[in-house]
Protein chains: 2
Amino acid sequence: MTVTLKDVATLAGVSVKTVSNVVNGYAFVKPENRRRVEEALAATGYRPNVGARNLRRGRTGFLALMVPELSIPYFGELAGLVITAAQKRGWSVLIEQTQGTRSRERETLSSLGPHLVDGALVHPEALEAADFPSPGEIPLVMLGEHAVDVPIDHVAIDNVLAAQTAVSHLASLGRTRIAAIGRNPARGTSSQRLAGYRTALSLAGLSYSDALVAPAEKWHRSVGAAAMRSLLALDSPPDAVFCFNDLLAIGALRAVAELGLRVPEDVAIVGFDNNEESAFSLPALTTIAPDKTALAEAAIDLVHRRITGDKTLPAQDIQTPFALEIRESTKGR
Amino acid sequence: MTVTLKDVATLAGVSVKTVSNVVNGYAFVKPENRRRVEEALAATGYRPNVGARNLRRGRTGFLALMVPELSIPYFGELAGLVITAAQKRGWSVLIEQTQGTRSRERETLSSLGPHLVDGALVHPEALEAADFPSPGEIPLVMLGEHAVDVPIDHVAIDNVLAAQTAVSHLASLGRTRIAAIGRNPARGTSSQRLAGYRTALSLAGLSYSDALVAPAEKWHRSVGAAAMRSLLALDSPPDAVFCFNDLLAIGALRAVAELGLRVPEDVAIVGFDNNEESAFSLPALTTIAPDKTALAEAAIDLVHRRITGDKTLPAQDIQTPFALEIRESTKGR
DNA sequence: GGTACTTTTTACATCGTTGGAACAACGTTG
DNA sequence: CAACGTTGTTCCAACGATGTAAAAAGTACC
């Protein structure tokens, strides 16, 4: 059924190795033989057995990408870009979902044997430093949040600065009661965005109040809506809200609308991630737009360098650019 | 570096095969030996080399999933469910993106050697019957649109009936000028939804007009907005629109709002796919909700059956359920 | 103690490929 | 024409696992 090198060799009347040499572009093959092998290859429709080749070469041709959930737009978009970037370098991408739970993240990480994949890009949500494998197992690149004291390659935008940029924008509009949605002590990303939020407040001469910072276990739309409702129920409700991601912001938009208030007139809203849908919400969402393509490319670059090159390079920490995308949700007077 | 069966065998003082037997749960191993092997396994932290195992077994443990783009919410959500369903059966999923172009789809399909993956789920957009590989190459299951005369397993909802359901709902609200957005002769899905649209119109005693059916090359939000603008510019604009997917509908919502009209009062809108975001748009979108979980499970089931079981089974054609999810975009009076 | 049978272990070949060494063929050179 | 370097080809082992079959060990029975 399946065509192997041997079949091709028999047909061409040469040895298996010569066929292998032709397939792999080895220079010294007599033109006559090369021609015959190529004909035989074409005639049989030979395709190398990737598994066997990789067994021999010690490579698999696969990368793993670990994310919480593909159905979350940010991860769907990111995964798409990662796959595209990986493909350019000849890798196929295997996707593992963790639902953002620490146990599934650990499990996934430890299941990534060196035989299964050549390297992995991981976007942890709840992992702690202790969970990381002894360095040198397989090349690992971390995306997003930086789990501090782990010497592992890492690519992300400057979350603190980005959050600060978002909140400063709100302050520059003259808003004085600026709330935040998304506090979650278990997640590093949350702390960083919170830090940026506080910096921006103090730069603007505004005081920080715990009451204006709504927690959010999961950063989903429904949670954003609930958080917004409770903020608007405060005695002195906010006139602006910084949501730690776009999904929370989309939920917040809905909560505001349901109460008959207007965005941005009554409450201005800024999100984070620039999901594609955020350009089409009503009103369209002002948001922090990380350069996801740059992120994906940088991550693939890093893992590529690790795999093919110097494994002793110290851990890299790469920051990719972001921009503030100003849209209707903060544009009105 | 890496631990192999041989290392474990040496440590436990038995043969490689005995270790293999323990690892694979072979019944006849002396308790004493089993214990020692298990200790050695634990001590060395042995992990099977998947590539080698599969080379021997003739399996790879991978499935491919071919979709146009992960950044499209429907495919992100579907891919997530497929991965989850596959994982339950011990498969890892490899994702290939085609951007919905016929050339990339053909390329992907032909690159799926039997060595790379055990089977594939493909969601074609532009493929034609001739592009399909000779049956029997690798188990293939088609998702979505049915490319007619190809004897390949297929899972989808009844697109015609679903479209008809959506449009009948609009008609039942008393709407008489019901438009459609998404015509695209190159896509089978489009023809099916168009057919359902026409059936519903005639069932409701409404006449069909080409002018009310807007084309859409890509089913993206911006295209939906543009299409809606042109429909609203007609001499007698529609009072309801059936969009062939939710993204088009989200775009349409925006176009309506920008013209100062209201949904559903002036124009009722129905989408298709039930993307998560559609429950949170303003207004929330009435839409056809395919049971994506059932779809994913059925597809994995089918490919599983093909791989492990009877390869000569005639091609299956499975329909999974859908529901009409009624929300704000059609709910007003 | 021998025979027949079952349980347990091992040696060996094998999956499809590639690296390396050995070998063959060839033309060049002294 | 012997020695040599260059090209081109083949043979063999190896990657890490498992299937097969045969050998070894154990058990039961007469």
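Turn chain A by 180° with 0.0 Å of shift along the axis and it lands on chain B, with an RMSD of 0.1 Å. The two copies are thus related as by a two-fold rotation axis. Keep in mind that this is a predicted model. Here's a quick tour of how the chains meet, plus one helix pair inside chain B.

**Symmetry**
- The same surface is used by both copies, as 100% of the contact residues of chain A turn up again in chain B.
- Leu94(A) is the residue of chain A that gets closest to the rotation axis, with its C-alpha at 2.3 Å.

**Where the chains touch**
- The contact pairs up 38 residues of chain A with 38 residues of chain B.
- On the chain A side, the elements giving two or more residues are α4 (50–57), α5 (73–88), β2 (92–97) and α10 (246–258).
- α5(A) chips in the largest share of that side, with 7 residues.
- By character, the chain A side splits into 17 nonpolar, 14 polar and 7 charged residues.

**A helix pair in chain B**
- Helix α7 (residues 159–172) and helix α8 (residues 188–203) of chain B pack with their axes 7 Å apart, at an angle of about 40°.
- That angle makes α7(B) oblique to α8(B).
- The crossing of α7(B) past α8(B) is right-handed.
- Among the residues making this contact are Leu161(B), Gln164(B) and Val167(B) from α7(B), and Arg193(B), Tyr197(B) and Leu201(B) from α8(B).
- Sorted by type, the residues of the α7(B)–α8(B) contact come to 11 nonpolar, 7 polar and 1 charged.

Definitions and conventions
Residues are numbered from 1 along each chain as its sequence is written. Chains are lettered from A and ligands numbered from 1 in the order in which they are written. This is a predicted model: local features need pLDDT of at least 70, side-chain atom pairs count only at pLDDT 80 or more; totals for chains, interfaces and linings use all residues. Copies are superposed by least squares on the C-alpha atoms of residues with pLDDT of at least 70 in both. Two residues are in contact if their C-beta atoms, placed from the backbone, lie within 7 Å. Axes are lines fitted to C-alpha atoms, for helices over the stretch in contact, and angles run from 0 to 180 degrees between N-to-C directions. Helices (H or I, at least four residues) and strands (E, at least two) are DSSP runs, numbered from the N terminus. Angles under 35 degrees count as roughly parallel, over 145 as roughly antiparallel, 65 to 115 as roughly perpendicular and the rest as oblique. A crossing is left-handed if the near helix is turned anticlockwise from the far one by less than a right angle, and right-handed if clockwise. Ala, Val, Leu, Ile, Met, Phe, Trp, Tyr, Cys and Pro count as nonpolar, Asp, Glu, Lys and Arg as charged, and the others, Gly among them, as polar.
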